[in-house]
Amino acid sequence: MKLIKKLMMAAMLTGAMTACGDDDGGTDATPEAATLQKSVPANGEKDVATTTKTIELTFTKEVNFASGKEADFNGTKCQLTSFSKSGNTMTFGIATQLKRGETYTLSVPTGFFTTKDGGAEVAAFSVTFSTPEAKEPSADGIAKELVTASPLPAAKALYDYLLANYGTKTLSNTIANVNWNLDEAEMVKAATGKYPAIATVDYLHFFTLYDDANRNPYKGGWKVAYDDISELKNWWDEGGIVSACWHWNVPNKEAEKYATDSYTCTPGSGSKNSDGTMTTSFRPKNIFVEGTWEQKIADEDLELIASLLKKFQEAGIPVIWRPLHEASGNAISGGTAWFWWGIDGAEAYKKLWRKMFNYFKEQGLNNLIWVWTTQTGYGYDKTKGVMSDEDWYPGDEYVDIIGRDEYTLTLEESLKEYETVKETFPNKMVTLSECGSVAKLTDQISAGAVWSWAMPWYDYDADKTKSLDNHQHANTDWWKDAMSAENVITRDQLPKFK
């Protein structure tokens, strides 16, 4: 009996030692397979932003890539190169632009990943999520009539057309380099085979019709024939829309000759005199003080610009009119305005806008569609105590369309600005009135930023190269993407506005 007990105890001890040996790294144990712990977006998540570019997959332990396997993202095969690794997390890069109202699924087969500590296959899994519902194309809540009473029939027809396409399609637009030409439109045509729907010009140097602040006859230098609208009339006759903005130049000082950059006036703009004072001493608040030189200049300039705009009216041509833009400048973020028309603050600015509007009304101008440019910033927070851009808004009865100028923004930032402006001004259509180095137009539209139109700024050197290839704001690829899209309107698709 004693011998039997000794043999039994020896067998038990041997078994225990064998088990401990297995725990310390014996080759007979099978490593535990990794499992998916969480994903971002989460499986089943709704209202995932259309700007989402990755799916993060976090496992219970570190995994490696396997070979000879393919994952799938909504019908498109995904190679291992679609993934990157960091610790226990694998990140899948979404190569396509997500769209509203869609469901997306990443399907990973068994063995696509294996555990790092033994090569055990990770079981098949999938991650499914959806984007926000596509908004029904509708202009509900948007003003149906122009703010100008008894508008030119063609102006009313154009506004109705913009309204009908708002939320579903974006019109293409270019701006002259720099004054009174179609150079940018011609470059777009050369690169894409199509003209943009809108051509914009700028009354930047209209003051060169005169020699000085006393309106003496012009004697030389750079004169732009703003009184000759033949090129833009041809554009209209060939089916295009005409738009105009106005960098309103004023003299630097009383009785001084106009300067080509005297629409800038603040220290933040870089336009300062050697003594540190602002480039122009012209002040908008003084326009409303009887007998001031600012009042004289403003009244004469408004008379002149109205006479030039009337030439379009007489030809039956409506003009999308965008004056006094970006008035608040940096004021909403604790800075100041960078154009003279905003330097005295919101109240003086609104008074000037209304003065222009009412003067044009008195002159019988009825062919304008008024565009006001907001400076509502990306991520703007009213709780910071800075001046709200809404404080600069002249009022619904003086504005037809809200514009937003964007430069060097990501797709996510552009979308947020679009949504912010729409929320702030719900009764008006919203347009990308200037842009440069922004996301492709098709990506913006797919993400939900369906601007009424989009206008890249001109290239300062493009008049030399006559090409979009190295365009600093919107190159050949940007324009080819836009002009080939079914939801971007080109000139040949426009109706006749009567």
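This tour moves through a predicted model, naming at each stop what to select and what is found there.

**The whole chain**

Begin with the entire protein in a cartoon view, coloured by secondary structure. The protein contains 10 helices and 19 strands. Of its 498 residues, 51% are buried. Among contacts with a separation of 6 or more, 73% join residues 24 or more positions apart.

**An open sheet of four strands**

Select strand 1 (36-40) and strand 6 (83-86), then add strand 2 (residues 54-59) and strand 7 (residues 89-93). Together these four strands make an open sheet in the order 1-2-7-6, and the pairing is antiparallel. Which strands stand at the edges? Strand 1 and strand 6 do; each has a single partner strand, so one side of each lacks a neighbour in the sheet. On average, neighbouring strands here are turned by 20° against each other, direction ignored.

Next, keep strand 7 in view and examine its two pairings. With strand 2, strand 7 pairs in the antiparallel sense over five bridges; here Leu-57 stands opposite Met-90. With strand 6, strand 7 is joined by four bridges, again antiparallel. Two facing pairs can be displayed on that side: Phe-83 opposite Phe-92, and Ser-84 opposite Thr-91.

Follow the chain from strand 6 into strand 7 to find a hairpin with two residues between the strands. Gly-87, in the turn, has a positive phi of about 65°. Is strand 7 largely enclosed or left open? Four of its five residues are buried, so strand 7 is largely enclosed by the rest of the structure.

**Two crossing helices**

Now select helix 5 (residues 293-314) and helix 6 (residues 346-362). Two packed helices are described by the angle between their axes and the distance between the axes. For this pair, the axes come within 10 Å and cross at roughly 50°; the two helices are therefore oblique to each other. The crossing is right-handed.

Show the side chains where the helices meet. Helix 5 contributes Asp-299, Leu-302, Glu-303, Ile-305, Ala-306 and Leu-309, while helix 6 contributes Lys-355, Met-356, Tyr-359 and Phe-360.

**A buried aspartate in a loop**

Move on to Asp-459, which lies in the loop between strand 18 (453-456) and helix 9 (462-465). Asp-459 is buried, with a relative accessible area of 5%. What does its side chain reach at 2.7 Å? The partner is the backbone nitrogen of Gln-472. Leaving aside residues up to four places away in sequence, Asp-459 touches Asn-177, Glu-184, Asn-470, His-471 and Gln-472.

**Helix 10 and its surroundings**

Finish with helix 10 (residues 476-483). At its start, a side-chain oxygen of Asn-475 reaches to within 3.2 Å of the backbone nitrogen of Asp-477. Six of the eight residues of helix 10 are buried, so the helix is largely enclosed by the rest of the structure. Select these buried residues: Thr-476, Trp-478, Trp-479, Asp-481, Ala-482 and Met-483.

To see what surrounds them, add strand 11 (170-175), helix 3 (183-192), helix 8 (441-447), strand 18 and strand 19 (488-489), against which the buried residues of helix 10 pack. Strand 18, one of these neighbours, also borders the loop that holds Asp-459, the previous stop.

Key
Residues are numbered from 1 along each chain as its sequence is written. This is a predicted model: local features need pLDDT of at least 70, side-chain atom pairs count only at pLDDT 80 or more; totals for chains, interfaces and linings use all residues. Side-chain values use heavy atoms; hydrogens and water are left out. Two strands pair if DSSP finds at least two bridges between them. Axes are lines fitted to C-alpha atoms, for helices over the stretch in contact, and angles run from 0 to 180 degrees between N-to-C directions. Buried means under 20% relative accessible area, exposed over 50%, partly exposed in between (1.4 Å probe, protein chains only). A polar contact is a pair of N or O atoms within 3.5 Å; within protein, one must be able to donate a hydrogen and the other to accept it, and residues adjacent in sequence count only if both atoms are side-chain atoms. Contact means heavy atoms within 4.5 Å. Angles under 35 degrees count as roughly parallel, over 145 as roughly antiparallel, 65 to 115 as roughly perpendicular and the rest as oblique. A crossing is left-handed if the near helix is turned anticlockwise from the far one by less than a right angle, and right-handed if clockwise.
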